[in-house]
Amino acid sequence: MTPPPTLLVCALCKFPAAEAGVDGTTGGQYLLDQLREQLSEGIALQPVRCMAACDRACNAALTAPGKLTFILNGLSPHQSAPELAEFCRQYAEAESGKVPYGLRSPAIKQATAYVLPALVAEPPAIEVAG
Ligand code: FES
């Protein structure tokens, strides 16, 4: 059985300057709490401690074996959970994880920093001249 898609979210990210903070929590932890209530079954939610993009909080990555990996940043702790949860659902249904661009919400389009190809089990052979 294939492991489920995993959404990694940095729990240490601060609230962005444009958003009001919430006492006693970080922006990343606040986003994680919102996602726990909104993610569909079959999506694993994994808190992580710093993704080395602290100035672009909040940060997340969506990945699964054999699928594209999406690196997302600038996510709003207060507003992005519903659209992120919907994107995870779309990603889980897409065979390669390639959610058609036109079906992605504006927030997801804006937050997508990088898209990485799926890892292959056997890297292609490289011919060496000589
Ligand atoms: S604290 Fe979130 S990326 Fe560093």
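The exercises below work through the fold of one chain, taken from a predicted model.

**Exercise 1. State how many helices and strands the chain has, and in which pattern they follow one another.**

Solution. Start with the count: the chain holds three helices and five strands. Next, read along the sequence, where the pattern is β-α-β-β-β-α-α-β.

**Exercise 2. Find the order of the strands in the sheet, and explain why one side of β2 and of β5 has no neighbour.**

Solution. Step one is the order: the five strands make an open sheet arranged β2-β1-β3-β4-β5, with mixed pairing. Step two is the edges: β2 (44-48) and β5 (112-116) each have a single partner strand, so one side of each lacks a neighbour in the sheet. From one strand to the next, the twist averages 15 degrees. As background, strands of a sheet pair through backbone hydrogen bonds, in either a parallel or an antiparallel way.

**Exercise 3. Describe how β4 is paired on each side, and name the residues that stand opposite I71.**

Solution. Take β3 first. It pairs with β4 in the antiparallel sense, over three bridges. These two strands form a hairpin with five residues between them, and G66 in the turn has a positive phi of about 80 degrees. Now take β5. Strand β4 (residues 69-72) pairs with β5 over four bridges, also in the antiparallel sense. Then look at single residues. I71 has A61 opposite it, and its bridge partner in β5 is Y114. F70 stands opposite V115 in β5.

**Exercise 4. Sort the residues of β4 into a covered and an uncovered face.**

Solution. Begin with the rule: in a regular strand, side chains alternate between the two faces of the sheet. Then apply it to β4: F70 and L72 belong to the covered face, while T69 and I71 belong to the uncovered one.

**Exercise 5. Check whether the length of α1 is the expected one or not, then say where this helix lies and what covers its buried residues.**

Solution. First, the length. With 1.5 Å a residue, the twelve residues of α1 should span 16 Å; the end C-alpha atoms are 17 Å apart, which agrees. Second, the position. Helix α1 (residues 27-38) lies across β1 (6-10) and β2, and runs at about 150 degrees to β1. Third, burial. G27, G28, Y30, L31, L32 and L35 are the buried residues of α1. Their cover includes β1, β2 and α2.

**Exercise 6. Decide whether L84 is buried or exposed, and list what it touches, leaving out residues up to four places away in sequence.**

Solution. Locate L84 first: it lies in helix α2. Then count. L84 has 27 other C-beta atoms within 10 Å, and a residue is buried at 20 or more, so L84 is buried. With residues up to four places away in sequence left out, L84 touches L35 and L75.

**Exercise 7. Identify the residues with the most contacts inside the largest nonpolar core, and the elements that give two or more residues to it.**

Solution. The largest nonpolar core has 26 residues, and V9, L31, C58, A60, L62 and L75 have the most contacts inside it. Two or more residues come from each of β1, α1, β3 (60-63), β4, α2 (81-93) and α3 (106-111). Of these, α2 gives the most, with five residues. To see one core residue in detail, take L75: not counting residues up to four places away in sequence, L75 touches L31, C58, A60, S80, L84 and A111.

Technical notes. Residues numbered from 1 in each chain as written. Predicted model: local features only at pLDDT ≥ 70, side-chain atom pairs only at ≥ 80, totals over all residues. Pairing = 2+ DSSP bridges. Axes fitted to C-alpha atoms, helices over the stretch in contact; angles between N-to-C directions. Contact = placed C-beta atoms within 7 Å. Core = buried A, V, L, I, M, F, W, Y, C linked by C-beta atoms within 7 Å. Buried ≥ 20, exposed ≤ 12 C-beta atoms within 10 Å, placed from the backbone. Expected span 1.5 Å × (residues − 1).
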